[in-house]
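Please read the following account alongside the sequence and the coordinates. It goes from one helix to the sheet beside it, and then to other parts of the chain.

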Amino acid sequence: MRYELENGTLELFLEGRIDSNNAEEVAKDINDTIADNEYSALVLNAEALDYISSAGLRIVLRLRKANPSLKITNASTDVYEIFDMTGFTEMMTIEKAYKNISIEGCEVIGEGANGKVYRIDPDTIVKVYTEGDFSDIQRERDLAKKAFVLGINTAISYDIAKIGDHYGTVFELLNAKSLAACIMNDKEHIDHYIDMYVDLLKKIHSTEVKDGSFPKMKDLALKWVAVAKTYVDKEVGEKLEKLFEDIPDDDHMLHGDYHLKNVMVQNGEALLIDMDTLSVGNPVFEFGSVFNAYIGFHALNMNNAGKFLGITPDTSLEVWDKTLQKYFGTKDKKILDIYADKAKIVGYVRLLQRAARRTLHYGEDHTVEIEFYKQELTKLVNVVDSLAI
């Protein structure tokens, strides 16, 4: 058996098949190698392992008992599934071998706070994470599966891949287009696409998640307020804090980053992607995010709306207006302005804390933006008595 010993880590390279025919011989080779070396960590490299039976799993189990920190690396998809189905992935670290994917020249079809979504070919898309570890990737996969089981039409990841120095999740989306692309290619039918967009949003908001598996958006929003309070006048800060604290708790699903590039159209159906921001809470939190996507992020320069969403600035404003009209079932401007002001408060509080955080941690200059958000929030708290929708 080939092995490497480096910096106290003994790495054993498994090959071929491990089954009842050769399990005793493999076990002896492993035990002999371990006995002949002094090490502080033990790793089984499964890159060349084609199959492992229950006899092989018993070998791993015995090694795990003798070496609690044992981990397995580079397991192929088939081998990893064996470990997963038998519960080994829950008791020890088992890392898959991830195929490499190039995104050079690929179309960006979605973008969120934690990564970008690229179309690799007509059948496949991949979400590339800006940063984060495998727990973040697995968390999003778990949230997406939960949403799917609850009836939300969403893409389900079937693999994890390596893209340069980053990792991503791979989805099959045959010939799907983002709603942003659909609208820009077929502007005369924008109302049809807005209907699809809002119908899916209503489906999300009507779905209850009572088992505590989704984070509560209100808890996160109160942290935004705590930061925002340090930048606005005391009276404004106290009013903001009370408005957010008074939002009733709610177990209905929120997407958290709902915009035209995170909704795909496949075979005439709207399909949700980019699921790492799923949570539960009052819809006002969703509309704060929606407002930011179409206006808030670009309030000082609406030309940037087109760069982010792939639509014109005028279309961005139109989508926001039509979304409110369709969701709330009215064109009454006074009523819609009430909902819009609630969303703006949530959106600007989030943007203010974001600008403050980026100033503090990255040394960026967001003085102009912070002053703008402060002024907007000061005006808005005087006309809004409740944020609940």
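**A walk through the predicted model**

Helix H2 has 13 residues, and its first and last C-alpha atoms are 19 Å apart, close to the 18 Å expected at 1.5 Å a residue. This and every other value below is computed from a predicted model. The buried residues of H2 are Ala55, Gly56, Leu57, Ile59, Val60 and Leu63. An α-helix has 3.6 residues a turn, so residues three or four places apart point the same way. The buried residues of H2 pack against strands E2, E3 and E4, and also against helix H1 (23–35), H3 and helix H4 (88–91).

The strands just named belong to a sheet. Five strands form this open sheet, in the order E1-E2-E3-E4-E5, with mixed pairing. Strand E1 (3–6) and strand E5 (93–96) are the edge strands, each pairing on one side only. On average, and with direction ignored, neighbouring strands of the sheet are turned by 20 degrees against each other.

Strand E3 (residues 41–52) pairs with strand E4 (residues 71–75) in the parallel sense, over three bridges. Within this pair, Asn45 has Thr73 of E4 as its bridge partner, and Leu44 stands opposite Ile72 in E4. Between the two strands the chain passes through H2, and this β-α-β crossover from E3 to E4 is right-handed. On the other side of the pairing scheme, E4 and E5 run parallel and are joined by three bridges. Ile72 stands opposite Ile94 in E5, and Ile72 also stands opposite Leu44. In a regular strand the side chains alternate between the two faces of the sheet.

Two helices can now be placed relative to these strands. Helix H2 (residues 54–66) lies across strand E2 (9–18), E3 and E4, and runs at about 175 degrees to E3. Helix H3 (residues 77–85) also packs on the sheet, where it touches E3, E4 and E5, and its direction makes about 115 degrees with that of E3.

Which backbone angles stand out here? Most residues other than glycine have a negative phi, and most peptide bonds are trans. Asn7 has a phi near 50 degrees, a positive value in a residue other than glycine. Asn7 is located in the loop between E1 and E2. Its relative accessibility is 75%, so Asn7 counts as exposed, the cut-off for that class being over 50%. Asn74 is not a glycine either, yet has a positive phi of about 60 degrees. Asn74 lies in strand E4. With a relative accessibility of 28%, Asn74 counts as partly exposed.

Further along the chain is helix H12. Does its length agree or disagree with the expected rise? At 1.5 Å a residue, the 16 residues of H12 (residues 313–328) should span 22 Å, and the end C-alpha atoms are 23 Å apart, which agrees. Buried in H12 are Thr315, Ser316, Val319, Trp320, Thr323, Leu324, Tyr327 and Phe328. These buried residues pack against helix H6 (179–185), helix H7 (190–205), helix H10 (283–294), helix H11 (303–309) and helix H13 (333–362). Just after H12, Gly329 has a positive phi of about 65 degrees.

Helix H13 holds a further residue to look at, Lys342. Is Lys342 buried or exposed? Its relative accessible area is 9%, so Lys342 is buried, since buried means under 20%. Apart from neighbours within four places in sequence, Lys342 is in contact with Val284, Val384, Ser386, Leu387, Ala388 and Ile389. Lys342 and Asp385 are 43 residues apart in sequence, while their C-alpha atoms are 9.2 Å apart in space.

The chain can also be described as a whole. It has 14 helices and 16 strands, and its C-alpha trace spans about 80 × 50 × 40 Å along the principal axes. Of the 389 residues in the chain, 49% are buried. Among contacts with a separation of 6 or more, 70% are between residues 24 or more positions apart. The chain exposes about 19400 Å², of which carbon and sulfur atoms supply 46%.

Note on methods: Residues numbered from 1 in each chain as written. Heavy atoms only, no water. Helix = DSSP H or I, 4+ residues; strand = E, 2+ residues; numbered from the N terminus. Expected span 1.5 Å × (residues − 1). Buried < 20%, exposed > 50% of the residue type's maximum accessible area, 1.4 Å probe, protein only. Contact = heavy atoms within 4.5 Å. Pairing = 2+ DSSP bridges. Axes fitted to C-alpha atoms, helices over the stretch in contact; angles between N-to-C directions. Right-handed = clockwise from strand over helix to strand, strands pointing away. Areas by Shrake-Rupley, 256 points an atom, 1.4 Å probe, with all protein chains shown as cover.
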